Amino acid sequence: MTRGAAPSRGGAPSRFNHDKTLYVHLMGNLKKKSLLPVVVFTLSKKRCEENASTLTNLDLCTSTEKSEVHVAIEKALGRLKGVWAVKRFLELWGLSD
């Protein structure tokens, strides 16, 4: 068992569940203290994806910031409409025309 990890039902470490609550609490505390934005480095691709998936419901932008992000993305995608990878990205996220 990994040191500091709680066992899961099968006896295996539940590191993902520990990290999930860790990052949710960390982000909440940083937001309360106005210490955002923050950059977190994870050297494992799998762990990076797992950590990111735990934060999908976390809302860190104001409505004004969301609007600015949306406008910037729309401008960037507008310049790249002919690129195959961008077209595929838009299809995958349900943003295609």
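What is the volume of the largest pocket? The points below take up this question and then pass to other features of the model, which is a predicted one.

1. Overall make-up. The protein chain holds four helices and zero strands, and, read from the N terminus on, its elements run α-α-α-α. Of the 97 residues in this chain, 11% are buried, where buried stands for a relative accessible area under 20%.

2. The largest pocket. The volume of the largest pocket comes to about 260 Å³. Its lining is made up of 13 residues, and those closest to the pocket centre are M27, V40, N51, A52 and L55. Two elements, α1 (15–32) and α2 (45–54), each give two or more residues to this lining, and α2 gives the most, with three residues.

3. Character of the lining. Sorted by class, the residues that line the largest pocket are ten nonpolar and three polar, with no charged residues among them.

4. A nonpolar patch on the surface. L26, V38 and V40 together form a nonpolar patch on the surface, and their accessible area adds up to about 200 Å². V40 therefore deserves a second look, because this residue of the patch is also listed with those closest to the centre of the largest pocket, whose lining is defined by atoms within 4 Å of a pocket point.

5. V38 in its setting. The position of V38 is in the loop between α1 and α2. Its relative accessibility is 37%, so V38 counts as partly exposed, a class that lies between the limits of 20% and 50%. In sequence V38 and M27 are eleven residues apart, while in space their C-alpha atoms are 8.7 Å apart; M27 is one of the residues closest to the centre of the largest pocket.

6. A cis peptide bond. Between L36 and P37 the peptide bond is cis, with omega at about 5 degrees, and P37 has its place in the loop between α1 and α2. As background for the reader, most peptide bonds are trans.

7. A positive phi. S34, which is a residue other than glycine, has a positive phi, near 55 degrees. In general, most residues other than glycine have a negative phi. S34 is placed in the loop between α1 and α2, and because its relative accessible area is 64%, S34 counts as exposed. The loop between α1 and α2 thus holds S34, P37 and V38, and a reader who is new to the structure may wish to look at these residues together.

8. The salt bridge. How many salt bridges does the count come to? The count comes to one salt bridge, in which the side chains of D59 and K66 meet, with 2.8 Å from N to O. Since the relative accessibility of D59 is 40%, D59 is classed as partly exposed, and K66, with a relative accessible area of 39%, is partly exposed as well.

Methods:
Residues are numbered from 1 along each chain as its sequence is written. This is a predicted model: local features need pLDDT of at least 70, side-chain atom pairs count only at pLDDT 80 or more; totals for chains, interfaces and linings use all residues. Side-chain values use heavy atoms; hydrogens and water are left out. On a 1 Å grid over the protein atoms alone, a cavity is a set of points where a 1.4 Å probe fits but cannot get out, and a pocket is an open set with protein on both sides within 12 Å along at least five of seven lines; lining residues have an atom within 4 Å of a point. Grid points are joined across faces, edges and corners, and a volume is the space filled by probe spheres set on the points. Ala, Val, Leu, Ile, Met, Phe, Trp, Tyr, Cys and Pro count as nonpolar, Asp, Glu, Lys and Arg as charged, and the others, Gly among them, as polar. Patches are made of residues with over 30% relative accessible area and no salt bridge: like charges are joined within 9 Å, nonpolar side chains (Val, Leu, Ile, Met, Phe, Trp, Tyr) within 5 Å. Accessible areas come from the Shrake-Rupley method with a 1.4 Å probe; for residues, only the protein chains shown count as cover. A salt bridge is a side-chain nitrogen of Lys or Arg within 4 Å of a carboxyl oxygen of Asp or Glu. Buried means under 20% relative accessible area, exposed over 50%, partly exposed in between (1.4 Å probe, protein chains only).
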